[in-house]
Amino acid sequence: MLVEMELSRIIISEIGDQQVIYLREVNGDRIFPILIGIFEATTIDRRVNQEFSPQRPLTHDLLKSTIEALGGNLQDIVITHLEDHTYYAVLRVGQDGELIEIDSRPSDAIALSIHYEPPVPIYVHESVLEQTSK
């Protein structure tokens, strides 16, 4: 079962290597933290706070443009599982009546999701939420 989540908080530490983003359950109380790198954290933070408008496309802008230029539509992202302390996600792209799943790091998938207006839905598999609450 998939649980819809939304971006809740971004914590950027200038002295640490790992940054944290928090996803919050849309129709519930659960919170899901993910450790991410500084590049992804600042990309997400700048997009959310609209502090930065690049003159040229950055990586997530490029990916969005590529999906659209190839006739695709990013439907949602899903954090699918946890393996050896690493989260896995997929971008689910609709194209010509098919649903194509593209492997992605959760941080990149979330950064891409907020490049859309409104943001593309974020889902976390129930089993992942159960594993992280233990």
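Start with the whole protein chain: its secondary structure comes to four helices and seven strands. Helices (H or I, at least four residues) and strands (E, at least two) are DSSP runs, numbered from the N terminus. This is a predicted model, where local features need pLDDT of at least 70, side-chain atom pairs count only at pLDDT 80 or more, and totals for chains, interfaces and linings use all residues. Residues are numbered from 1 along each chain as its sequence is written, and side-chain values use heavy atoms, with hydrogens and water left out.

Color by secondary structure. From the N terminus, the order is β-β-β-α-α-β-β-β-α-β-α. The C-alpha trace spans about 40 × 40 × 30 Å along its principal axes.

Next, select helix H3, residues 106–113. Seven of its eight residues are buried (under 20% relative accessible area, 1.4 Å probe, protein chains only), so H3 is largely enclosed by the rest of the structure. Among them are Pro-106, Ile-110 and Leu-112.

Now show the largest nonpolar core, with 27 residues. Such a core is a set of buried Ala, Val, Leu, Ile, Met, Phe, Trp, Tyr and Cys residues joined through side-chain atoms within 4.5 Å. Leu-23, Phe-32, Ile-34, Ile-79, Ile-110 and Val-124 touch the most other members. Helix H3 gives the largest share of this core, four residues.

Zoom in on Val-124. Its contacts (heavy atoms within 4.5 Å) include Met-1, Phe-32, Ile-79 and Leu-129, not counting residues up to four places away in sequence.

Finish at Phe-39, in helix H1 (residues 38–49). Phe-39 counts as partly exposed (between 20% and 50%) because its relative accessibility is 43%.
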